[in-house]
Amino acid sequence: MTRSTLLSFLKISSFFIFFGRAYQHLFWDAPYRSLFWDQHFLEPFINFIFDISWKSYVTNLNTDYALQFLIKGIGILYLFCAIISLKIHENAKAWMIGALKIGAVSIVFLSFLLTKEKFYHLIMFFEHAIQFGVPIALLFYLRFNDTNRLILYLKICIALAFICHGTYALGIFYPLPANFVTMTLNILPVTEEVAKTLLLTAGIIDFIIAIAIFLPSLAKIALIYAAFWGFLTAFARLFSGFHYDYSLSILHQYTYLVIYRLPHGIIPLVVLLYYFPLPKYTKLGFITNP
């Protein structure tokens, strides 16, 4: 795989992440209230800076309006970063690099807020490793021509995502998330017990994949599975929603969940094609790469 092809995959993946999150922020909601309505953390600042009580702060409609304005503003930032992700190149202007850096930091912060919302489940943060890792990878590869380090970094992101997903599926440290079971029941005609068994099996495989992608003898099959599983779990959000209703409103409600998860399938596919490139095609037919 050439540098330009690898860079194109990173740019497309970064676009999906920013565009999906922009969709979420502009039309739905994001977990910023978990920070701005955290009484233990913010009350001293609110009392000191605004000289009002915490009750007045949280019940004031202007507070909610300000939060909505913030969420929409970040959505516009993400949309801007999505466009930049497609346009950016090695000799891009400093403002494009700067904007993408702000967007990358914002995605990391969003992952932290999602973790905070789940009572600081650390594995929740690293389950988003691919999502916040891809914009960072794009910035790194634009500056440094070090493909080996990039691929290693991407493999670590993949492994972290699978380990964290497996930890949840196996109920290690934290109970099996109810939405995992619900999605399985909505998509497959199985009982709840069978759904839990399937998730248990998937969790075990997750850990195997996280290790196998680093083993040359197993990497190919592991990366194929990782790419397949990444796309499957991304589109599962949409198929699960269709269980309730087949309408444009369901598409609108669930599509953004698919979009920002597409790199979960794309990134393993990138690593797979880097190690095991497809045969080249010429007018004479297929020629196996050396």
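**Exercise 1.** Does K116 count as buried, partly exposed or exposed, and at what relative accessibility? Then find its salt-bridge partner and say where in the chain the two residues lie.

*Solution.* The model is predicted, and the reasoning starts from the cut-off, by which buried means under 20% relative accessible area. K116 has a relative accessibility of 13%, and therefore K116 counts as buried. In the next step we look for the partner, and we find that K116 forms a salt bridge with D38, in which the closest N and O atoms are 2.7 Å apart. The two residues come from distant parts of the chain, since D38 lies in the loop between helix 2 (33–36) and helix 3, whereas K116 belongs to helix 6 (residues 94–117), 78 residues apart. The last step is to check D38, which is buried because its relative accessible area is 17%.

**Exercise 2.** Describe the salt bridge between E192 and K196, and classify both residues by accessibility.

*Solution.* The side chains of E192 and K196 meet at 3.0 Å or more, namely 3.3 Å from N to O. Both residues lie in helix 11 (residues 192–212), where they are four residues apart, about one turn of the helix. E192 has a relative accessibility of 43% and so counts as partly exposed, and K196, with a relative accessible area of 33%, is also partly exposed. Elsewhere, salt bridges that share partners join D29, R33 and D64 into one network. Within this network, the side chains of D29 and R33 meet at 3.0 Å, N to O; D29 is partly exposed at 39% relative accessibility, while R33 is buried at 19%. The structure holds six salt bridges.

**Exercise 3.** Which residues touch the most other members of the largest nonpolar core, and which helix supplies its largest share?

*Solution.* The largest nonpolar core has 68 residues, and those that touch the most other members are L10, Y32, Y78, I88, L100, L154 and I158. The largest share of this core, nine residues, comes from helix 8 (residues 129–143). Taking I158 as an example, and leaving aside residues up to four places away in sequence, we find that I158 touches I130, I213, A226, I267, P268 and V271. Apart from this core lies another, of eight residues, including I123, Y168, V181 and A195.

**Exercise 4.** Which residues form the nonpolar patch on the surface, and where does I52 lie?

*Solution.* The patch is formed by F41, F45, F48, I49, F50 and I52, which together have about 690 Å² of accessible area. I52 lies in the loop between helix 3 (39–49) and helix 4 (54–59), and I52 counts as partly exposed because its relative accessibility is 34%.

Notes
Residues numbered from 1 in each chain as written. Predicted model: local features only at pLDDT ≥ 70, side-chain atom pairs only at ≥ 80, totals over all residues. Heavy atoms only, no water. Core = buried A, V, L, I, M, F, W, Y, C linked by side-chain atoms within 4.5 Å. Buried < 20%, exposed > 50% of the residue type's maximum accessible area, 1.4 Å probe, protein only. Contact = heavy atoms within 4.5 Å. Patch = residues over 30% accessible without salt bridge, like charges linked within 9 Å, V, L, I, M, F, W, Y side chains within 5 Å. Areas by Shrake-Rupley, 256 points an atom, 1.4 Å probe, with all protein chains shown as cover. Salt bridge = Lys/Arg side-chain N within 4 Å of Asp/Glu carboxyl O.
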